[in-house]
Structure formats: structure tokens, C-alpha cells
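Student: Let's go through this one together, piece by piece. I'll ask, you reason it out.

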Amino acid sequence: MSEQPQLPPIPKENKFKQALALGIGIWDYFEEKQAELGDTFTLTFPGQGPMVWTSDPDMIKDILRLKRDQIDGSLVQLPFDLGESNLVFSNDEAHHEARKLIIPHFSGDRMKIRANMMYEIVNEHIDSWNVSDQFDGPRLIGDITMDITCATLFNLREGERKDRYKELMLNWIMEANSDINFTLASVVGARKFRQFLNKQYISRSESGKMGNAKKGLLPWKRGVDLKVQLGALLREDIRDIRSRMDETESHTLSSLARTTDADGNLLAEERVISEVYGLMIGGHETSAATAAWLMIWLQQQPEENTKIREEVVGFIQKEGKHDPFLASQLPYLTACLNESQRITPSAPGFIRWLKQDTKIGKWLIPAGTAVLPNIYLTHRRTDIYGDDALKFNPERWMDKNGGNRSFKPSEFMPFGGGRRACVGMGHARQQLRVIFSEFARRVEFGSEFEGTNTLPRSRLIGGQTEPQLGVPITVKKIRPSDYGCPAIETESAA
Ligand code: HEM
């Protein structure tokens, strides 16, 4: 008799209780289910197919090897209306082509030049602060990375248009990430919800009704207004770019607007806009959440922050100048970011909806099920990371020559993996490393986390795990911009 598809163990509590438990304390719930059901278990939520979470590295290897035609990207439960042709929701060849379009913008030589721009933006922020200023860590990082996004996507560093883009993007992302949108999407189905929003967006864009973006009775309405207004700015800019066709422009919107398909035709305007929305939102809450946990670790273990500062200042003195790109590759800084992403990853898992019955480890998982590597539980396995797996210990990322060691893709995966791994990984890692090396060099922060050794409760914001009450921090000391270094020569570019 042929093998019958079967789901790994399911918790005894009903679907609503499972969804609620995950929403209010995802890490605690994972640990509880692992203790009760083992490394692999199936969660079932109202309004969607079953989801098999696993922290078994052999099963994760099988998930990472899945081919494009085995996965249905359109079922991803993100409630963001990016347009269904966006690379995240696309399948098969369209997905492959979309990645080829985007990846060059976030890798290679562009990264070297962008490090200088990132360095300048972080320092502009630091220069605008005073001792005793208070911030919420993740929102502060969101503010800095949004300035970097304006420069990268639009080559805008200042001025009215930049301010308009920034305000609209921050507000749209906040609405798109709202709990209410995630709840509505899980009740009606994410794809249906996105299609509903997209219909409003298209018809309003065509009729030119911008909306007032006021908070209304309908929770999703403000998000649609903001997206229509953003779309209008993007359309104006794309038309401008296409009237110039200036090949020397390297910012992402310009390159995408000038890209042609296999037949030599420019991409449809809405297609360009769709990918740009994806890039705006893809790196925002993910970076804010990742930074939030690293801030807490560096407050709890300030000696690690001192080591980052000594590393960057030592590097500058050795080189005789500050090279932000090379500084962002320094091993101890990298070790601290890796360690924080290991033990407190922002994404709890990454998802593959299976189109057909598929063998994953010893299980034949039925079609219509999602399989998810459980990033959080895998990153805490003692058989991979040793007996101190629950300790924040950047040294585990250092090799005996003072460089960085690595773990396998099935063991360390804060950016997902396989054919749908994060396209912004290089950009995100570089931007966080520039931010944290400059924070370490120039700023001393204080917070309620100093001297503590337990983590605050986490909650999901926009699908990312963040400290429930944010990270309230106070600026205690600011060092001058040339602290530890002679003046640097930078060449800014988008
Ligand atoms: C620390 C920051 C970030 C984290 C932790 C993060 C994490 C992730 C994860 C876990 C995935 C799912 C991968 C998978 O399914 O295998 C993903 C996908 C993606 N990310 Fe990121 N990301 C970050 C920053 C960024 C940035 C800066 C961008 C854009 C500039 C970006 C754009 C995307 C896109 C477009 C995808 C979808 C890829 C696909 O479906 O083929 N991300 N990211």
C-alpha cells in the first residue's frame, strides 16, 4: 500500500486558542509545544491550512531544497497589498525573474558605495541628538533606515519630496503592519484580503481620489489612502525617469523604471511600483525588530559594546582613515549581530505552502499544508550551539584566527533560505552593522535593561517578534564625530 500523507502532532487546544497563544507570546508557546510534542508539530489556525513547524535540522534541509514548482507563494499570509505580481507572491519562472530583477540592487559594488551613505545618515542622526534625549529603540532604527531607504530607492537625502515620501512610507507601513490587518487577513484569507485592498487601490488611483488618510471607521481605509498617495508620487517619478532615461542614475527606482523585459519593452508602471512597495516594507519592521533585540543585549552586556567600539577605533587607527564599508565587516561587530539574530531572531520562521504531497524528513506532508523552519527553536538547540546556547555569547562566532566562523544554512537562518531567501540580506546586515558600529563609537545609551539578565516579553508586530513594550533608551553621552579617527573622505551614492 502506498504511503498516506500525514500531519505531525497537533496541540489539543482548539484553533482559536492556538492562534491567540501564538499572537500573545510566540516564543513561550513554541517552547511549550516543543516540550509537549517534540521538534516538529502542526499548528492549525482558523481560515487557513495546517502549518508544520520544525526545528529538526534534517527536515529543514529538505525544506531548503524545495524547488519553485513545489511551493505556492501566493498563499503567503502577509496582509500587505503589494500587488499580486510582486515577487513575494509570485511563483515558478515569474518568481525567478523577479528575483533576478531585484537582487543586483542589493549586492555587489553598490554595497561598498552605499556604506558611505549609510555612515553619513547615521551620523546626521547622532549629530542632531542631545544628552538626555529619549527614544524608543525600534522606532529610532526605523527612522534611520527610512532615511537610508529614501536615498537607496529615490536618491533623496533631503527636501520636501523626501519628507513627503518618508512620511507616507512610515504611515503606510504602520497601517499595513497593524494587528487589525493581520486579524482581518487571517479571518478572510490573506490573498482575498490583499485582492480586496488592491481593487480599492487600483480604482482609486485610476479615478485620482487621493483620500484624506484620516483614521476612519474602516480600519483598512487609511492604508489604502496612503498607498494611493504614494503611488501618485511614484508614478510621477517613473514618468520623469523615463523622459530622461539617464543611464548614470543608480538609485533603485530609476534602474527599475528603465528596465526592459525579454521583448525590449519597459516594465509596466504598476509592476515597477509593486516591487518598490515590497522593498519599502520588506526591510522596515524586520530591521527595527532585529535592532531592538541587539540594543537590549548590548545594554545587558555593555562589555560587548565596548569591544565593538575598541574594534572600530582600532581599525580606523590602523588604516589611518575611516572606511565605513570595511568597518562594517569587522568580525566582533558581525559576531554580535549574528549572536543577537541567533538567540532573538526577528522572524519566528519562514513559510513554504506545499502544492503537492511532499516528503519532508520522515513525514509525507499533505498538499495544501505549509512547512516552516522554526528559526527561534533551531537557533537555541544545544546540539548545534552547545550547552551555553541560551547565553548571548558573540565569541561563538569567532574562529581561532580572529575571523568569523559560520554555521550551516539549516542551523542559522535569520533571513530564511533556499530559493526564496531574503533578497535584502546584504543591505540589511550592512545597514545594521554601520548603525551599531557608529552607535558604539559615538554614543552611550542608558535604559531599564542595564544590569538585568532576563528578556522582556515579546509580541508580533507585522509578523516580526519585538520586545512587547519597545526599547526605551536615553542618550547618556555623545562623542564628537571625529572620535577615534581623522576626517573621512566619502563618496555618496544611492
Ligand atoms: C534585518 C532585516 C531583515 C530580516 C531579518 C529579513 C528577513 C527575511 C526573511 C526571514 C524572509 C523570508 C525568506 C524565506 O522565505 O526563505 C525575507 C524575505 C524577503 N525580504 Fe527580508 N529581511 C530583512 C531585510 C530586508 C530588506 C532590507 C529588504 C529589501 C530591501 C528585504 C526584502 C525581502 C524580500 C523582497 C523578501 C522575499 C523574497 C522572496 O520571496 O523571494 N528584506 N526576509
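Tutor: Ground rules first: helices (H or I, at least four residues) and strands (E, at least two) are DSSP runs, numbered from the N terminus. This is a predicted model, so local features need pLDDT of at least 70 and side-chain atom pairs count only at pLDDT 80 or more, while totals for chains, interfaces and linings use all residues. Residues are numbered from 1 along each chain as its sequence is written.

Student: OK, where is Thr344 found, and is it buried or exposed?

Tutor: Thr344 lies in the loop between helix H15 (331-343) and E4. A residue is buried if 20 or more other C-beta atoms lie within 10 Å of its own, exposed if 12 or fewer, and partly exposed in between, with C-beta atoms placed from the backbone. Because Thr344 has 25 other C-beta atoms within 10 Å, that loop residue is buried.

Student: Which residues does Thr344 touch, not counting residues up to four places away in sequence?

Tutor: Contact here means C-beta atoms, placed from the backbone, within 7 Å. Trp27 is 317 residues from Thr344 in sequence, with the two C-alpha atoms 9.5 Å apart. Leaving out residues up to four places away in sequence, Thr344 touches Trp293 and Leu455.

Student: What is the order of the strands in the open sheet of 4 strands?

Tutor: Two strands pair if DSSP finds at least two bridges between them. Strand E1 (residues 40-43) and E2 pair antiparallel over 4 bridges, whereas E2 and strand E7 (residues 370-373) pair parallel over 4 bridges. Thr54 is a useful marker, being the bridge partner of Thr40 and standing opposite Pro373 in E7. The pairing is mixed, and the order is E1-E2-E7-E4.

Student: Which are the edge strands there, and which helix packs on the sheet?

Tutor: E1 and E4 are the edge strands, since each pairs on one side only. Angles run from 0 to 180 degrees between N-to-C directions, and axes are lines fitted to C-alpha atoms, for helices over the stretch in contact. The helix direction makes about 120 degrees with that of E7, and it touches E1, E2, E4 and E7: this is helix H2 (residues 57-64).

Student: Sticking with E4, is Arg352 buried or exposed?

Tutor: Arg352 sits in strand E4 (residues 352-353). Its contacts, leaving aside neighbours within four places in sequence, are Ile63, Leu66, Ile71, Ala370 and Val371. With 26 other C-beta atoms within 10 Å, Arg352 counts as buried.

Student: Which residues of E2 point one way and which the other?

Tutor: E2 (residues 51-54) has Met51 and Trp53 pointing one way, and all of its residues are buried. Pointing the other way are Val52 and Thr54.

Student: Which residues have the most contacts inside the largest nonpolar core?

Tutor: A nonpolar core is a set of buried Ala, Val, Leu, Ile, Met, Phe, Trp, Tyr and Cys residues joined through C-beta atoms within 7 Å. The largest such core has 122 residues, and the ones with the most contacts inside it are Val276, Leu294 and Phe436.

Student: And which helix gives the most to this core?

Tutor: The largest core has 122 residues. The one that gives the most to it, with 10 residues, is H12.

Student: Which residues come nearest to the ligand?

Tutor: "Around the ligand" means that the C-beta atom, placed from the backbone, lies within 6 Å of it. Helix H11 (269-282), helix H12 (284-300) and helix H18 (425-442) each supply at least two residues of that shell. Of the 26 residues in it, the nearest are Gly282, Gly283, Gly416, Cys422 and Gly424.

Student: How many charged residues has the shell around the ligand?

Tutor: Ala, Val, Leu, Ile, Met, Phe, Trp, Tyr, Cys and Pro count as nonpolar, Asp, Glu, Lys and Arg as charged, and the others, Gly among them, as polar. The shell has 12 nonpolar and 12 polar residues, and its charged residues number 2.

Student: Last one: at what angle do helix H7 (residues 179-188) and helix H8 (residues 190-207) pack?

Tutor: Leu184, Ala185 and Val188 of H7 meet Ala190, Lys192 and Phe193 of H8. The axes are 6 Å apart, and the angle is about 115 degrees.

Definitions and conventions: Two residues are in contact if their C-beta atoms, placed from the backbone, lie within 7 Å.
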